[in-house]
Amino acid sequence: MAELISTKLDPDSHLLLDQPLLRLPHELLRKNLKSAQRHIEIANKGIATSIQTLTTHSSPADTLAALDATLLKAQSLKRKLKALHAEEAILHRQQKARIAHLQELHDIPTIADVKYDVWAQTRLDRLLVDYLLRQNYLASARQLAEAKGIVDLVDIPVFEECGRIEASLRGVHGECGDVREALGWCAENKQALKKIGSILELELRLQQFIELARTGEMDKLMEAIAHARKHFVGGQDTLYGLRAGGLLAHAPNTMVEPYKTMYAPTRYPYLAALFLRTHHTLFALPAHPLLHTALSAGLSALKTPTCHSAHNPHRGMFSHQHSSDKTTSTMSRQSVPPLLTDTPVCPICSTELNELARGVPYAHHTKSYMEDDPVVLPNGRVFGRERLRGLNVKLGVPEGRLRDPTDGLGGAEWAWGEARKVFIL
């Protein structure tokens with residue numbers, strides 16, 4: 001009965017990590033609907049204006065021209081709505097596949113079920129694809145998704161667009177970035193960005209002003225002033241208007257802050273990072289890869305204070321990882337005492353995970369498991385009395401003396417009387 005309780009699957013706790021799986025298609029569908037409404041409103045206004053221009057005194061040629069223009073606008077609207085409908089169908093297909101994927105988890109009774117292993121492997125594949133997409137390994141992410149058959153469970157087009165705009169802001173081969181694609185994206189999502197109070201568009205407009213002011217040419221400066229009057233007026237734009245005015249009074253080689261920083265090339269990476277944050281906030285995407293979140297949770301569940309203790313002999317086994325001298329690393333490995341406790345190496349103490357787990361919190365355990373008749377050694381470690389006695393016999397410790405088995409053959413020895421009995425309240 002205890003085994004069944006311990007292996008019972010709680011779907012809700014598992015799905016905490018998978019909330020973005022359904023949120024993103026929902027946000028994209030809402031964006032799709034807003035785009036369709038906007039296209040219809042614009043087309044309606046255009047058609048109504050064309051019809052209103054006609055009067056009873058209009059010539060047949062003018063009437064036919066107006067009708068042709070109206071038909072062209074209607075056909076253009078039809079093409080746009082058809083493209084949006086096709087995109088909506090894809091999003092609905094993705095939602096259906098994702099709901100089915102999550103429903104599979106509710107149909108699995110226990111973690112020990114083979115079906116859970118299959119489901120967990122699919123989730124791991126999704127997390128790997130998400131990580132690759134966030135690291136701009138787009139081709140590898142697409143190949144992995146197609147090979148595993150999870151294209152509908154990942155958001156490749158969204159990250160492709162995001163990566164393209166980010167790359168344009170950062171620039172290539174040492175060149176300055178380009179804000180035009182980012183501004184186009186802001187125009188598509190103008191209402192949503194305004195709703196979350198984003199400053200991305202203002203920062204991009206300010207960068208345009210900076211590039212105009214950087215030239216120092218009179219015609220460019222006049223264009224910069226017109227640009228500021230158009231985009232930096234009223235509300236929160238006032239601050240950007242003041243910054244723009246200050247830029248006109250300072251040359252690009254100024255040492256005065258904040259204008260020195262604003263003229264610096266490092267502003268483009270700042271804009272790229274700001275775009276990423278805004279993009280992920282707008283589409284309800286986590287700021288960090290889900291793989292990091294899952295890995296941190298797993299590391300925290302296994303981590304104990306001993307894993308990073310200076311007294312942990314396992315840590316010495318991997319000191320060569322941080323040394324550039326191969327001879328020194330070989331000597332450090334050879335000098336480590338053998339592990340005589342017959343206990344497997346803790347995953348957190350391993351080479352791959354020890355440093356990764358250093359910053360995560362310790363596990364929260366609601367139950368403790370102790371050996372029979374526990375005793376605490378002078379160094380603070382706790383062992384069962386009979387197990388400790390048997391390990392010391394294997395180590396060849398003299399009668400009446402004891403040694404911490406984890407310290408190997410070179411550990412300190414104490415009298416048995418120094419081992420104190422442990423009482424648990």
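In this predicted model, the count of cavities of 30 Å³ or more comes to 1. About 150 Å³ of space lies in this largest cavity. Its lining is made up of 15 residues, and those closest to the centre are Arg126, Asp130, Leu153, Asp155 and Leu290. Two elements, α3 and α5 (114-134), give two or more residues each to the lining of the largest cavity. Helix α5 provides the largest share, 6 residues. By class, the lining of the largest cavity divides into 11 nonpolar residues, 4 charged residues and no polar ones.

An open space can be set beside this enclosed one. The second largest pocket holds about 560 Å³ of space. It is lined by 20 residues, of which Lys31, Lys34, Asn189, Gln191 and Ala192 are the closest to its centre. The elements giving two or more residues to the lining of this pocket are α3 (20-52), α8 (180-188), α9 (190-195) and α14 (267-282). The largest share, 8 residues, comes from α3. The lining of the second largest pocket has 10 charged, 5 polar and 5 nonpolar residues. Helix α3 thus appears in both linings, that of the largest cavity and that of the second largest pocket.

The two spaces are set out in the table.

| Space | Volume | Lining residues | Largest share of lining | Classes in lining |
|---|---|---|---|---|
| Largest cavity | about 150 Å³ | 15 residues | α5, 6 residues | 11 nonpolar, no polar, 4 charged |
| Second largest pocket | about 560 Å³ | 20 residues | α3, 8 residues | 5 nonpolar, 5 polar, 10 charged |

Two buried residues belong to helices named above. Asn32 is found in helix α3. Asn32 counts as buried because its relative accessibility is 5%, and the limit for that class is under 20%. Leaving out residues up to four places away in sequence, Asn32 touches Leu84, Glu87 and Glu88.

Arg123 has its place in helix α5. With a relative accessible area of 15%, Arg123 is also buried, as the value falls under 20%. Arg123 touches His14, Leu17, Asp18 and Tyr116, again not counting residues up to four places away in sequence. The C-alpha atoms of Arg123 and His101 are separated by 9.3 Å, and the two residues are 22 residues apart along the chain.

Next come the contacts that involve aromatic rings. The structure holds 2 aromatic pairs. One of them joins Trp185 and Phe275 in an edge-to-face arrangement, with 5.1 Å centre to centre and 80° between the planes. Because Trp185 lies in helix α8 and Phe275 in helix α14, the pair ties together parts that are 90 residues apart in sequence. Both Trp185 and Phe275 are buried. Helices α8 and α14 are also among the elements that give two or more residues to the lining of the second largest pocket.

Rings also meet charged side chains. The charged end of Arg243 sits over the ring of Tyr240, at 5.2 Å from its centre. Arg389 lies over the face of Trp416, and here the distance from the ring centre is 4.6 Å.

The backbone has some features worth listing. Most residues other than glycine have a negative phi, and most peptide bonds are trans. The peptide bond from Glu257 to Pro258 is cis, with omega near 5°. Pro258 is found in the loop between α12 (237-248) and α13 (259-263).

Ala284 is not a glycine, yet has a positive phi of about 55°. Ala284 has its place in the loop between α14 and α15 (290-302). The relative accessible area of Ala284 is 23%, so this residue is partly exposed. Asp373, likewise not a glycine, has a positive phi of about 50°. The loop that holds Asp373 lies between α17 (326-334) and β1 (374-376). Asp373 is partly exposed, because its relative accessible area is 32% and the class runs between 20% and 50%.

Note on methods
Residues are numbered from 1 along each chain as its sequence is written. This is a predicted model: local features need pLDDT of at least 70, side-chain atom pairs count only at pLDDT 80 or more; totals for chains, interfaces and linings use all residues. Side-chain values use heavy atoms; hydrogens and water are left out. On a 1 Å grid over the protein atoms alone, a cavity is a set of points where a 1.4 Å probe fits but cannot get out, and a pocket is an open set with protein on both sides within 12 Å along at least five of seven lines; lining residues have an atom within 4 Å of a point. Grid points are joined across faces, edges and corners, and a volume is the space filled by probe spheres set on the points. Ala, Val, Leu, Ile, Met, Phe, Trp, Tyr, Cys and Pro count as nonpolar, Asp, Glu, Lys and Arg as charged, and the others, Gly among them, as polar. Buried means under 20% relative accessible area, exposed over 50%, partly exposed in between (1.4 Å probe, protein chains only). Contact means heavy atoms within 4.5 Å. Rings of Phe, Tyr and Trp (its six-membered ring) pair if their centres lie within 6.5 Å; planes under 30 degrees apart count as stacked, over 60 as edge-to-face and the rest as tilted. A charge sits over a ring if NZ of Lys or CZ of Arg is within 6 Å of the ring centre and within 35 degrees of the ring normal.
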